[in-house]
Amino acid sequence: MSIIRGEEMVLNIGPQHPSTHGVLRLKVKTDGEIVSEITPVIGYLHRCFEKHCENITYEQVIPYTDRCDYIAAMNNSFGYVIAIEEMMDIHVPERVEYIRVIMAELNRIASHLLALGTNGLDIGAFTPFLYMFRDREYILDLFETVCGARLLYNYMWVGGLSHDLPVGFVEAAYKFLDNFEPQIDEYNNLLMYNKIFVERTADVGVLPADVAINYGVSGPNLRGSGVKWDLRKNEPYSIYDRFEFDIPVGEGIMGSVGDCWDRYWVRIQEMRESVKIVRQALKQLPSEGDIHEAIPRKIRPPKGSIYKRTESPRGDLGYYIVSDGKPKPFRVKMRSPAFTAMSVLDEISRGWMLSDVLAILGSLDIVLGEIDR
Amino acid sequence: MINEQVAQKLETQFPGAVIVQEEPVEDCIMLTSDQWQDVAKFLRDDPELKFDSLQCITGVDLGDENPMDVRYNLHSMSLLHKIEIRIPVKKDNPTIPSIEKIWRIGDWFEREVYDMYGIRFEGHRDLRRMLLPEDWEGWPLRKDYETPQTYHGMVVPKVKS
Amino acid sequence: MGYLEHKFEDNIIVTKLDKLLSWARSTSPWYFQFGLACCAIEMMAAAASRHDLERIGMMPRSSPRQADVMIVAGTVSIKMAERVKRLYDQMADPKYVIAMGSCATSGGPYWQHGYHVLKGVDLIIPVDVYIPGCPPRPESLIEGLIKLQEKIRGERPLTKEKDA
Ligand code: SF4
């Protein structure tokens, strides 16, 4: 019997496709149903972030950082403002630090909810998506009371915040957390331990730890591969060293370490940790303090450059900022975690079925705005 | 370990690779581009250095006639230290050895720098434009870039009244 | 009233075919799920639990061939522009376009230095309703959709167009 070789076919997914999370094009080479190579074509959402930064002042950059990663806007501007603060040697009041942490962690929960919901959606589970969006709306409500915007906040400023917490925020936040925590178990029942979901994700798209590090993958994707690495613990910035929380890592409960299911599981556990952090921060939040106190009148960092990275919901978010002492940045480069996660897609989806590619893509949690910038 | 110590170590290993700065303004290591691939491999594999994660590659156009810089931020996850490496390249016909085989993430970072500055990375497996369309002209992040008026018949600058 | 008065049984309605058609079209404009950027997240939020677009007859479709309304939600980059045009051409008539957010309307925050951003989707395809905001809240999206429904209801698809 002769060996029958299938013909290679190039399949084009996107740029408009319901499960590419935006505008991404994948050139997939397949042999029958088996994927042999993927070439991601990006840039369909290139919005010239870095060019804008060179033409506007330091404070005007903040709204653009929000728009880069529109799912976790707070975390993105957080990274930028603490980079500038470090350059200018500004120390912000305690209250500001706490509020920032609260906002960043709430946004992390919201971001993970969206990531998990759409991950389920990609592989055909529609209902969990609705549940997760329901809870995400409550977080957006909280943000709305604080700064008036639902999605893009422009809330963190260099040296302070745009608004103080409104009256009743702390109670509302506690109420949200109390309601939210039991919901996590509901998601688990709905999706995580669902037989179909497990079959689709366990042992699929395994990302070994050394490959992940070599590709610069970070955040939940790296932790899913069993590497205990979290900048909040390993390189504490802001006041993260004051809180107690764990770093969940993938353990291969359903399959092997580093599969899609592990990445999903890490996100779920991270939401629990974020809830813990928010609770501690709410408890320690100082009641006094002027949030506008440390805002400088002129933002002109001294000549020099800085590379500062923080832990955004998607991983190490770095800003490389070059200042020439003028009111406009000389160069701002954003090192986005989704960019590196995207580059590993080819490596880990070879040999899988076409339908698994979408499960893998969903589990990497990419945001195109941040990849293309 | 900080930049200076690493620079000394590199100087003894690879004589002539480090550009000595007269008055160092910033905390970084300046390298020449010719031995860069060997230096990079050494940085990754030396047990005292172990820079296992390449965080970022940034191109910087210093304006006017100055050379452009390619800046590498290297971090070590196991030893928790970091350095910054800068390699100047000429503005006309800028080339630099590629390090994408040493850190695989360099692949995409280098393509992005190529896309924005037109710096060619020699030895890169697939150096194409990444974010902009393939037939786009010019290097947008160079300081002297001028926005094209049209692209495939579409108006680029704002013209509406 | 005349000859037809009180001549019909229950559940029979008399109307113009023209009106019936536009009424039918207006109450179930299925939209093309076409997320481009940040605004797409608000579009998803509008379709999800709290705002629930399906109660006004809107249902997301993933293929342009099945959709009536294209919601351009987000920044149209120049690389994407040709695809947007092609997707619009693939939709079956009657088709409508909503430009959601300031990016789709005019380039939004990227109007000045965005060398790779199309300054408004109306440069390549005709737009029926513009929704301002960056991003527009789901409520504004719903408002825009209702405006579109009003527009469709006013159409007379069968009547001969008067010469201008
Ligand atoms: S209008 Fe604003 S929110 Fe909408 S896509 Fe543009 S930048 Fe994003």
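In what follows, a residue counts as exposed when its relative accessible area is over 50%, as buried when that area is under 20%, and as partly exposed in between. With that in hand, let me take you through this structure, which, I should say at once, is a predicted model.

I begin with A:D89, because its relative accessibility of 56% is over 50% and this residue therefore counts as exposed. A:D89 sits in the loop between helix 3 and helix 4 (94-122) of chain A, and its phi is near 60 degrees, a positive value in a residue other than glycine. There is a second residue of chain A to set beside it, namely A:C48, which is not a glycine either and has a positive phi of about 65 degrees. A:C48 belongs to the loop between strand 3 (34-41) and helix 1 (49-55) of chain A, but here the relative accessible area is 1%, so A:C48 is buried.

Staying with chain A, we come to a sheet. In what order do the strands of this open sheet run? The order is 6-7-8, three strands in chain A, and the pairing is antiparallel. At the edges lie strand 6 (304-312) and strand 8 (331-335) of chain A, each of which pairs on one side only. Neighbouring strands of the sheet are turned against each other by 15 degrees on average, if direction is ignored. Helix 3 (residues 73-88) of chain A packs on this sheet and touches strand 6, strand 7 and strand 8 of chain A, while its direction makes about 145 degrees with that of strand 6. As for the pairing in detail, strand 7 (residues 315-323) and strand 8 of chain A are joined in the antiparallel sense over five bridges, and within strand 8 of chain A it is A:K333 that stands opposite A:Y320.

Let me turn to chain B, where strand 2 (residues 53-61) is mostly covered, with nine of its nine residues buried. Strand 2 of chain B runs antiparallel to strand 3 (residues 68-75) of chain B, and eight bridges join the two. One of the positions to look at is B:C56, whose bridge partner in strand 3 of chain B is B:N73. The two strands form a hairpin with six residues between them, and in that hairpin B:G63 takes a positive phi near 85 degrees.

Now to the ligand, which lies between chains A and C. Which residues are closest to the ligand, out of the 15 that surround it? They are C:C38, C:C39, C:S102, C:C103 and C:C134. By residue class, the shell around the ligand divides into eight nonpolar, five polar and two charged residues. Helix 2 (38-47) and helix 4 (101-106) of chain C each supply at least two residues of that shell, and helix 4 of chain C gives the most, with three residues.

Helix 2 of chain C deserves a further word, since eight of its 10 residues are buried, so that this helix is largely enclosed by the rest of the structure. Among those buried residues are C:C38, C:C39, C:I41 and C:M43. For C:C39 the relative accessibility is 8%, which is why it counts as buried.

With so many cysteines mentioned, one may ask how many disulfides there are over all chains. The count comes to zero. Take A:C147 as an example: the closest cysteine sulfur is that of C:C134, 14 Å away, and since a disulfide needs the two sulfur atoms within 2.5 Å, that is too far for a bond. A:C147 itself has a relative accessibility of 16% and so counts as buried.

C:C134 brings us to the backbone of chain C, because the peptide bond that joins C:C134 and C:P135 is cis, with omega about -10 degrees. C:P135 lies in the loop between strand 5 (129-131) and helix 5 (138-153) of chain C. The peptide bond from C:D93 to C:P94 is cis as well, with omega near -5 degrees, and C:P94 is placed in the loop between helix 3 (78-90) and strand 4 (96-100) of chain C.

I close with C:L20, in helix 1 (residues 17-27) of chain C, which at 40% relative accessibility counts as partly exposed. The C-alpha atoms of C:L20 and C:K160 are separated by 16 Å, although the two residues are 140 residues apart along the chain.

Definitions and conventions
Residues numbered from 1 in each chain as written. Chains lettered and ligands numbered in written order. Predicted model: local features only at pLDDT ≥ 70, side-chain atom pairs only at ≥ 80, totals over all residues. Heavy atoms only, no water. Pairing = 2+ DSSP bridges. Helix = DSSP H or I, 4+ residues; strand = E, 2+ residues; numbered from the N terminus. Axes fitted to C-alpha atoms, helices over the stretch in contact; angles between N-to-C directions. Contact = heavy atoms within 4.5 Å. Buried < 20%, exposed > 50% of the residue type's maximum accessible area, 1.4 Å probe, protein only. Near = heavy atom within 4 Å. Nonpolar A, V, L, I, M, F, W, Y, C, P; charged D, E, K, R; others polar.
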